[in-house]
Amino acid sequence: MAADKTELTKVRLDLADTRAFAQPGAGARRRDALAGFGRDWLAGLWAEATDNEATPGVALAAIGSLARREAGPLSDYDLVLLHDGRSRSASAIDALANRLWYPIWDAGVRLDHSVRTVNQCRTVASGDLSAAIGLLDLCLVTGDPEVVAAARATVAHDWRAGARQRLPDLVSSLGVRHARQGELAHCLEPDLKEAHGGLRDMSILRALTAAWLADRPHGDVDAAHSLLLDVRDALHVVTGRGRDRLGREEQDSVAALLGYATSDDLLTEVSRSGRTIAYALDGTVRRASQSQRARAPRIGPRRPEMAPLGWGLYASDGEVVLGAQSWLERDPLVPLRAAVVAARARLPIAPVTLTNLATRAPHVSEPWPELARDLFTDLLASGPGLVLVWEGLDQAGIIDQWLPEWSALRSRPQRNAVHRHTVDRHLVEAAVHAAGLVRSVARPDLLLMAALFHDVGKLPNAHDHSVAGAPIAEAAMLRMGFAAKDAATVRRLVREHLTLVELATRRDASDPATIAAAIDAAGHDLGTYDLLLALTEADATATGPTAWTDWRAALIRQLDAGVRARLRPSGLPDAAAPAAVAEPGGLSGPVRSAMARGEAHVEVHGEGGSWRVDVCDADRLGLFADTAGLMASQGLLVRSAVLRTVEGVAVDEWHVESPTGTEPDAAGLVRGLRRLAAGDRSVLGRLDRRRHGQVRSGSSTYGVPGQARAFLVPGGSADSTVLEVRADDRRGLLHDVGAAFARAGVSVRSAHIATHAGQTLDTFYLTDAARAPLGPAETARLVGLVIDTCEGGTSG
């Protein structure tokens, strides 16, 4: 049975049968044939080495790909010469090993070999994590089956018994390997075996299952595994070597052998398979860790710990899950809400919950309602937690439900070496970086949408992805219910997202023509220019460290200075009074009646998942803070508000939503305002308790904390000081800001409250006690006080 190197290699490659390589099921048949050949060949070597004599207590066993019947055409062989330590002397075993190993080496087969007794297998497995995982695959090739069965059973028993103690080491070793080899899904020259999501991780999945700590996903994961094995086999055939790294020079040939039109199509499928396996591994490790904690000794009944996140969602054992009382089957916004709370908390959504969200929740109607858009931009604003949650949503098919455009981008490779990620992951990373820049723009929602869509035109046949992507982005924005003007803005941002960096790096940034070109790109609008500038930085930062250098940033700043010297701010928000409680002749009849009784007037109107709350009360110092505090104490989240003073009456329109689904308590607001006007502050005690719960759970914290901004709008009003505030939204923020105004003796004449993507963009028209604009010193103190209030939590 001995064969020379050329002969054996030819036989193994012939078994690969390149003529049928891309046929359905060919991969499994090929690997089965290769495994059968390998075992038969080794059995022949064994017969020659033992002179066809019986060998009780001695056997040849395989581990690795040969044992699993997954070996490629030129894979190495991992063999173990097992013996019971009694049947033959040590010298006889060594001689047998030499008679086996040398013919294998002479045939040119890469060999990993060892000689062990059953007890030695047990000892090695207990001290070497990699060896333990490998020995779980131990399989008889030839010889005494009982010695192999004994070793396999002993190793498996010890693995199960010690799995809880060894799990931390296993997780640590995974982290080290993945950091060293990178993510298979995002490598242009991926290591099909060692990278995160590669073939090695399938062995870890099987080992976790063998430990009885967690079951592993099947279906898509098995299909992904088979595809990577097919690519590995093709790589062996194309190179004539047992390689695992898919280099650029082999990609065209491998793609052709597997029947792909282009190497990009091949890399797309490799990336998708890597993502599937990586996601399955991460989830299974999480399941195993949960199982480990569940088995820990404890006093009392084993009840799951469920921390409420609102809207029927809970944090449980490091994941977000649906509670028994959820609105899943009647509320299409539940998947969006689940995504937002999970991303803010930086927790994954449990796999079962993802399946339920994908299959049981109704789809969002088109065009999307305003609340759905708000939730989606809240998700994009959640910061680093977005990446983990988005991947789960994408694996479950939910992203395709929201964004049909996404399927064409999923796992598409980017050949430019400066890019770290595939197209779809780059867009998500750009949104993460844009979330850190939202305080520099007036419309964070448009910045985040532009970041998500800026490369949507990177399709196989697109000549200029910026031009190709602009109409796709605009159509998506309109389908999601954004105003035509906002959709047009995002279209412009997508089309021009490379303009500023090209002007700054390729032309004289101080030249008037260069500045004029930048202004033209922004449509001669400062707000649009701010968005384009922030998008430029988010895109470059997400691309990689070589795309956003100090040199490029300095050139952009130089161009920015020239542009701002030419552009001027646009106007302030319209200060129209809320129509629900005002009439052409002044206040409505019910409002006048309430004022005559000395009480506030409150109306609540449902708006499909949210509410409009109209509040009218006699204007007084601190009324704004009191109203905002009562809203927060009821657990209401303020989406937007318009506040005016009409005939000495504060006329406020608040748009709110409730995490519990409970309608705002109008009577409670009336009672609360009456007590607060009388000096009874105890009514706000619930707000303090809710704040305490928020601090403990972190459920309302946005993912990208940043410095709050408060600045004057020069010339904004002739009879008021206009102050604009931008900060991270949180429970009770409006109450705290209003309380700061009251402590400073400042009255809120009118206000425009808006929350975009987790950021407050509030404009206040302020006066002093004499109803006059604030003086310079008073204004300076107030700006500092407001910033401290926004950044320092509650303000007393």
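**Figure 1. Helix α17 of the predicted model, residues 423–435**. The 13 residues of α17 should span 18 Å at 1.5 Å a residue, and the end C-alpha atoms lie 19 Å apart, which agrees. How many of the 13 residues of α17 are buried? The count is 12, so the helix is mostly covered, buried here being under 20% relative accessible area. The buried set includes the charged-letter positions D424, R425 and E429. Also buried in α17 are V423, H426, L427, V428, A430, A431, V432, A434 and A435.

**Figure 2. The whole protein**. The protein holds 30 helices and 17 strands. Its C-alpha atoms fill a box of roughly 110 × 70 × 45 Å along the principal axes. Of the 796 residues, 55% are buried. The accessible surface comes to about 32,800 Å², and carbon and sulfur atoms account for 52% of that area. When contacts between residues at least 6 apart in sequence are considered, 70% join residues at least 24 apart. The pLDDT averages 87 over the protein, with 92% of the residues scoring at least 70. Over residues 694–703, however, the pLDDT is below 50. Beyond near neighbours in sequence, this stretch has 21 contacts in the model.

**Figure 3. Helix α4, residues 90–106**. This helix has 17 residues. From its first C-alpha to its last it reaches 24 Å, close to the 24 Å expected at 1.5 Å a residue. Which residues of α4 are buried? They are I93, L96, A97, L100, W101 and I104. Seen down the axis of α4, these buried residues fall within an arc of 120°, so they line one face of the helix. S91 and D106, on the other side of α4, are exposed. What do the buried residues of α4 pack against? Their partners are one helix, α2 (26–49), and the strands β1 (58–63), β2 (77–83) and β3 (111–117). After α4 comes G108, which has a positive phi, near 80°.

**Figure 4. The largest nonpolar core and a second core**. In soluble globular proteins, nonpolar side chains tend to be buried together. The largest nonpolar core in this model has 97 residues. Within this core, F376, W390, L393 and W402 touch the most other members. Helix α23 (residues 526–543) supplies the largest share of the core, 9 residues. Leaving aside neighbours within four places in sequence, L393 is in contact with A339, I349, L354, L379, I398, I399 and W402. W402 thus appears both among the residues touching the most other core members and among the contacts of L393. A second core, separate from this one, has 58 residues. I63, L135, V147 and L246 are among its members.

**Figure 5. The surroundings of A211**. A211 lies in the loop between α8 (199–210) and α9 (220–239). Is A211 buried or exposed? A211 counts as buried because its relative accessibility is 2%. Not counting residues up to four places away in sequence, A211 touches W159, R160 and A163. How far apart are A211 and R160 in sequence and in space? They are separated by 51 residues in sequence, yet their C-alpha atoms are 4.4 Å apart.

Conventions
Residues numbered from 1 in each chain as written. Heavy atoms only, no water. Helix = DSSP H or I, 4+ residues; strand = E, 2+ residues; numbered from the N terminus. Expected span 1.5 Å × (residues − 1). Buried < 20%, exposed > 50% of the residue type's maximum accessible area, 1.4 Å probe, protein only. Arc of directions from axis to C-beta. Contact = heavy atoms within 4.5 Å. pLDDT = per-residue confidence, 0-100. Core = buried A, V, L, I, M, F, W, Y, C linked by side-chain atoms within 4.5 Å. Areas by Shrake-Rupley, 256 points an atom, 1.4 Å probe, with all protein chains shown as cover.
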